[in-house]
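Trainee: I should like to study one part of this protein closely before I turn to the rest. Would you take me through a single region in detail and then place it within the whole?

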Amino acid sequence: MPEGDTLHRTANRLRPALAGRRLVCLTLHHATGGGRRPEAGERIDAVEAVGKHLLIRFERGSTLRTHLRMAGSWHLYRSGERWRKRPELARAVVEVDGWTAVCFAAPVVELTDGGTVETKLAHLGPDLTRTDIIDKDIDAAVVRMTTLLDPQEQIGNAMLDQRVACGVGNVYKSEVLFVCGVNPFVPVDSIDVRTRHRLLETASRLLRHNTAEGGSRATVREGLAVYGRARQPCRRCGALIRAQRQGAHSRTTYWCPSCQPQVGPGPRS
């Protein structure tokens with residue numbers, strides 16, 4: 001599933017081509033929501049990312065919301081340029097003078113009116129990828145972690161809960177916990193408030209850094225510290241990186257058993 005930095009980079013790429021321009025044509029396939037379809041000539045007011053959602057807002061109040069999950073992607077083409085994926089995979093096509101933005105294979109494509117999209121996103125915690133995020137936002141996410149989650153929820157699962165803070169996916173979950181030396185399988189209530197704040201602050205810093213850099217994702221000098229490196233030596237201590245499925249969706253968690261020692265019971269699903 002694309003993470004917050006991917007969505008913000010996508011929005012940053014689409015925005016100069018679409019925002020402020022007049023719509024030539026909007027084509028949707030199997031869209032939900034029932035919102036008013038923007039007409040040709042209508043201005044695109046904004047292109048923005050909120051957590052893992054990409055929003056295209058139109059001047060008369062309609063918003064196109066997409067969630068890419070595992071398979072979806074947005075491409076940007078010059079008008080007339082050949083698409084790099086099969087046309088039958090297109091779920092949304094936004095055409096303006098000179099540019100065509102195509103959303104391929106996204107499982108969520110929704111057209112809504114007015115404040116409906118804000119209502120649907122209201123449950124989300126602070127977006128850690130925002131460039132204007134402040135310490136007060138991190139504090140709010142720490143409070144959400146305390147009040148919304150079961151105290152026995154494992155911190156690896158808590159880091160993925162978009163109600164706490166949005167933008168973190170499986171890559172950053174593993175990487176942030178490594179950077180902060182926290183074992184992914186310890187319960188939330190075993191972690192003090194200062195460490196919870198440091199986890200979320202670190203996640204925000206890494207997400208924003210990789211959004212700004214725009215290249216290959218990296219959290220340490222060599223690239224990624226633990227993600228995707230099962231049975232390879234830890235870049236810090238040399239111990240072999242471990243991997244195990246975790247949580248209701250059985251996402252793979254990577255960690256160093258030496259740098260992130262277990263306290264209490266061993267890993268559980």
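Mentor: The account below begins with one strand pair and its surroundings, then moves to the cysteines, the sheet and the confidence of the model.

The model is predicted, with a mean pLDDT of 92 for the protein and 95% of its residues at 70 or more.

Let us take Thr252 as the point of entry. Thr252 belongs to strand β10, which covers residues 251-255. Its relative accessibility is 18%, so Thr252 counts as buried. The side chain of Thr252 makes a polar contact of 3.3 Å with the side chain of Arg245. Beyond its neighbours within four places in sequence, Thr252 touches Asn170, Lys173, Ser174, Ala243, Gln244 and Arg245.

Some of these partners lead to the strand beside β10. Strands β9 and β10 are paired in the antiparallel sense through five bridges. Within this pair, Gln244 of β9 lies opposite Thr253 of β10. The two strands make a hairpin with four residues between them, and Gly247 in that hairpin has a positive phi near 85°.

Other partners of Thr252 lead to a helix. Asn170, Lys173 and Ser174 are in contact with Thr252, and these residues are among the buried members of α5. Helix α5 spans residues 170-179, and nine of its ten residues are buried, so the rest of the structure largely encloses this helix. The buried set also includes Val171, Tyr172, Glu175, Val176, Leu177 and Phe178. After α5 comes Gly181, with a positive phi near 70°.

The stretch leading into β9 also deserves attention. Arg231 sits in the loop between α6, residues 193-213, and β9, residues 242-246. Arg231 is not a glycine, yet its phi is positive, near 70°. With a relative accessible area of 68%, Arg231 is exposed.

What, then, is the state of Cys234 with respect to disulfides? The structure contains zero disulfides. Cys234 takes part in none, and the nearest cysteine sulfur to its own, that of Cys256, lies 3.7 Å away. A disulfide requires two cysteine sulfur atoms within 2.5 Å. The case of Cys237 is settled in the same terms: its sulfur is 3.6 Å from the closest cysteine sulfur, in Cys256, and is therefore too far away for a bond. As for accessibility, Cys234 is buried, at a relative accessible area of 5%, whereas Cys237 is partly exposed, at 37%.

For the wider setting, consider the open sheet. Four strands make up this sheet in the order β2-β3-β4-β8, with antiparallel pairing. Strands β2 and β8 form its edges, each pairing on one side only. From one strand to the next, the twist averages 15°. Strands of a sheet pair through backbone hydrogen bonds, in either a parallel or an antiparallel manner.

At one edge, β2 (residues 44-50) is joined to β3 (residues 53-58) by six bridges, the two strands running antiparallel. Val47 faces Ile56 of β3 across this pair. The strands β2 and β3 form a hairpin with two residues between them, and Gly51 in the turn has a positive phi of about 60°. Helix α1, residues 4-18, lies across β2 and β3 and runs at about 170° to β2.

At the other edge, β8 pairs with β4 (residues 63-67) in the antiparallel sense through five bridges. Thr63 has Thr112 of β8 as its bridge partner. Just ahead of β8 is Ala105, placed in the loop between β7 (99-104) and β8 (108-112). Ala105 has a positive phi of about 60° although this residue is not a glycine. Its relative accessibility of 29% makes Ala105 partly exposed.

One stretch calls for caution. Over residues 265-269 the pLDDT remains under 50, and the model has ten contacts for them beyond four places in sequence. Where pLDDT is low, the predicted coordinates should not be read in detail.

To return to the starting point: Thr252 is a buried residue in β10, with contacts that include Asn170 and Gln244 and a polar contact to the side chain of Arg245.

How values were computed
Residues are numbered from 1 along each chain as its sequence is written. This is a predicted model: local features need pLDDT of at least 70, side-chain atom pairs count only at pLDDT 80 or more; totals for chains, interfaces and linings use all residues. Side-chain values use heavy atoms; hydrogens and water are left out. Buried means under 20% relative accessible area, exposed over 50%, partly exposed in between (1.4 Å probe, protein chains only). Two strands pair if DSSP finds at least two bridges between them. A polar contact is a pair of N or O atoms within 3.5 Å; within protein, one must be able to donate a hydrogen and the other to accept it, and residues adjacent in sequence count only if both atoms are side-chain atoms. Contact means heavy atoms within 4.5 Å. Axes are lines fitted to C-alpha atoms, for helices over the stretch in contact, and angles run from 0 to 180 degrees between N-to-C directions. pLDDT is the predictor's confidence in each residue, from 0 to 100.
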